[in-house]
Amino acid sequence: MATANAALTETMRERALAEGAVLFGVAGVDRFDGAPRGHHPAEMVRGARSVLTIGIPLLEQVSDWEELFRDSELVPADLRKTMLQDYLYSVVNYDFINDRLDQIALSLSIALQARGFRSLMFPATYGPRHRQFHEMMPGLFGLFSQRHAAVRAGLGEFGLNNVVVTPEYGPRVRFNSVITQAPLVPSPLLAEKVCLGTGCLRCVERCGAVIRLLPGFDEGAVWLDPVSRTDKAACRAQRREEFCYGSCLTVCPVGRHTR
Ligand code: SF4
Ligand code: SF4
């Protein structure tokens, strides 16, 4: 195993932040042991040593779209859901952020490759031009789990909402990752819990039909693996009917910057 390269890690961190990433962390590939067959980073990149993960938070006022255009002269009531949930939220808090994450991950991958380290990225999960491919996957899984990578890079823990909850922005963050042969310095795993657990349950109460808690989780542990399941097909069906896109994130009290 090569010695971890602190200078290269710092160069990648500074580059990521300069290009618009807000969170940056690194996991050694050993933290992915137990991944589904074919999806361990060491099976994706020959000789992979590290997975770096970047994050960008959502814009809270866009997530809080329920406040907008309640009494608009221009947006008819029957168009509000389409304009706010399917257009404003989907484009700004999904597609724009995913696009930026994708460009930063590509830039870091190319910079690492130029230093002789084979590197791989995937388009951010459910990115704008690639949803059709995610939708072909059984269970709607991504080819690489950005959520597992973010937790293993010390950026957060799985919350009861089955989304990564970060200390800084709660669950309102999107992620992308680079799998690389570069021997980067791993970030420490989260030392203290962030999700408020069953003493909170706001996300589950918001969306009990879609989020199902798994039995037997340790309430006091930092959750490095999911403690709940999301019925993605039910989520999609509910979003078609209800004005709820992202409200399972919005209700989370952790890491709110605005009230
Ligand atoms: S998007 Fe809507 S249906 Fe899906 S988990 Fe969130 S609140 Fe529930
Ligand atoms: S709403 Fe509460 S239970 Fe759900 S993820 Fe946030 S802190 Fe955890």
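Q: Ala, Val, Leu, Ile, Met, Phe, Trp, Tyr, Cys and Pro count as nonpolar, Asp, Glu, Lys and Arg as charged, and the others, Gly among them, as polar. How do the residues of the lining of the second largest pocket divide?
A: There are eight nonpolar, five polar and no charged residues in that lining. The model is predicted: local features need pLDDT of at least 70, side-chain atom pairs count only at pLDDT 80 or more, and totals for chains, interfaces and linings use all residues. Residues are numbered from 1 along each chain as its sequence is written, chains are lettered from A and ligands numbered from 1 in the order in which they are written, and side-chain values use heavy atoms, leaving out hydrogens and water.

Q: What makes a space a pocket or a cavity?
A: On a 1 Å grid over the protein atoms alone, a cavity is a set of points where a 1.4 Å probe fits but cannot get out, while a pocket is an open set with protein on both sides within 12 Å along at least five of seven lines; lining residues have an atom within 4 Å of a point. The second largest pocket has a volume of about 190 Å³. Of its 13 lining residues, the closest to its centre are Phe122, Pro123, Phe133, His134 and Leu143.

Q: Which space is taken by ligand 2?
A: Ligand 2 takes the space of the largest cavity, because more than half of its atoms lie within 2 Å of the grid points. That cavity has a volume of about 110 Å³, and its 15 lining residues divide into 11 nonpolar, three polar and one charged. Nearest its centre lie Cys195, Leu196, Cys200, Cys203 and Cys252, and these five are also the closest of the 13 residues that surround ligand 2.

Q: Why are Cys207 and Arg239 counted among the residues around ligand 1?
A: A residue is near a molecule if one of its heavy atoms lies within 4 Å of it, so Cys207 and Arg239 belong to the surrounding set, which also includes Cys235, Cys244 and Cys248. Helix α8 gives the largest share of this shell, three residues. By class, the shell has six nonpolar, three polar and one charged residues.

Q: How do you know that helix α4 reaches close to its expected span?
A: The expected span is 1.5 Å times one less than the number of residues. For the 35 residues of α4 (80–114) that gives 51 Å, and the helix reaches 48 Å from its first C-alpha to its last.

Q: Where is the kink in α4 centred?
A: The kink is centred on Ser90 and is about 50 degrees, taken as the angle between axes fitted to the seven residues ending there and the seven starting there.

Methods: Helix = DSSP H or I, 4+ residues; strand = E, 2+ residues; numbered from the N terminus. Points joined across faces, edges and corners; volume = space filled by probe spheres on them.
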